[in-house]
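Student: I would like a close look at one part of this model, the packing among its helices. Please take me through it in one connected account.

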Amino acid sequence: MLDIKRVREQSEQVKTALKNRNSKSDLELLLSSDTLSRGKMLELENIRHEKRVISDEIGRLKRECKAVNLQEAQVKASALTASEKTLSAEVAELQQTIERELLMIPNVPHESVPVGNPPEANQVVRSWGKPRQFSFKPKNHVDLVEQLGLIDFARATKLSGSHFVLFTGMGARLERALIQFMLDLHTKQHRYIEMAPPLLVNRASMTGTGQLPKFEEDMYRLKDDDLFLIPTAEVPVTNALAGETLDEKQI
């Protein structure tokens, strides 16, 4: 989540970045809510200061037994309390709006990143090797995996609907082998620690990695428990260490 101070002080740069990313974030609502919130917080601090002053005054008047002046001071104190309550509620509502809008703003691309709209504007930064040239027309991967019996698209659709796959035979074995290869490589040679996290996480975890509230309508969710099916391993792995400070021995 971007720092509201950065958005406030670099609003034009952030606005340009959002435009380049085709973001529909409401920056004007965020900035106006921030301005209004800061103004009301200042009012709130002034009221609280007045309350402290009038409280001392009430104590003095009680000691001096000045009933008329005491009553006037108590009426003023009650009015200040009511104003404080109203302003506190308004500030809290504005803060909720600010946090919600900040969560909807995507990261600002680095200035060196080209604007990729339309896709043809994307630049090739570097390449490796040369595309292989075939003496025949190669088949696409869908035809190949079906012909070799690696994936059964029809039964996957029967089980779960479109855009799902059912690995079969050597296809299932190949997927398992690739997973095992990757885990062995990184845990044995690159000092990574293998994790097998929960596949369902809470709202705070999904918010911590940016899926919520922006993509909530696209998430698979257990309504009664307010748990979400993770879209990638990024969510539980990142949040596993959220709020912790690691020392060198743990890294």
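Tutor: What follows starts with one helix, moves to the cores, and ends with the sheet.

The model is predicted, and every value below is computed from it. Take helix α2, residues 11-20. Its buried residues are Ser11, Val14, Ala17 and Leu18. Viewed down the axis of α2, these buried residues fall within an arc of 125°, so they line one face of the helix. The partners they pack against are α1 and α3. Just after α2, Asn22 has a positive phi of about 60°.

Two of the buried residues of α2, Val14 and Leu18, also belong to the largest nonpolar core. That core has 11 residues in all: Leu2, Ile4, Val7, Val14, Leu18, Leu27, Leu30, Leu31, Ile98, Leu102 and Ile105. Helices α1 (4-9), α2 (11-20), α3 (27-64) and α4 (67-104) each give two or more residues to this core. The largest share, 3 residues, comes from α3. Leu102 is a useful member to inspect: setting aside residues up to four places away in sequence, Leu102 touches Met1, Leu2, Ile4, Val7 and Leu30.

A second core, separate from the one above, holds 10 residues, among them Leu44, Ile54, Ala73 and Leu87. Leu44 leads on to a charged residue, Glu84, since Leu44 is one of the contacts of Glu84. The others are Ile47, Arg48 and Lys51, with neighbours within four places in sequence left aside. Glu84 lies in helix α4. Is Glu84 buried or exposed? Its relative accessibility is 16%, and the cut-off for buried is under 20%, so Glu84 counts as buried. The side chain of Glu84 makes a polar contact with that of Lys51, at 2.8 Å.

Away from the helices, the sheet can be described briefly. Its 3 strands form an open sheet with antiparallel pairing, in the order β1-β3-β2. The edges are taken by β1 (200-202) and β2 (221-222), each with a single partner strand, so one side of each has no neighbour in the sheet. Strand β3, residues 227-229, runs antiparallel to β2 and is joined to β2 by 2 bridges. Arg221 stands opposite Phe228 of β3.

Technical notes:
Residues numbered from 1 in each chain as written. Predicted model: local features only at pLDDT ≥ 70, side-chain atom pairs only at ≥ 80, totals over all residues. Heavy atoms only, no water. Pairing = 2+ DSSP bridges. Helix = DSSP H or I, 4+ residues; strand = E, 2+ residues; numbered from the N terminus. Core = buried A, V, L, I, M, F, W, Y, C linked by side-chain atoms within 4.5 Å. Buried < 20%, exposed > 50% of the residue type's maximum accessible area, 1.4 Å probe, protein only. Contact = heavy atoms within 4.5 Å. Arc of directions from axis to C-beta. Polar contact = N/O pair within 3.5 Å; in protein donor to acceptor, adjacent residues only side chain to side chain.
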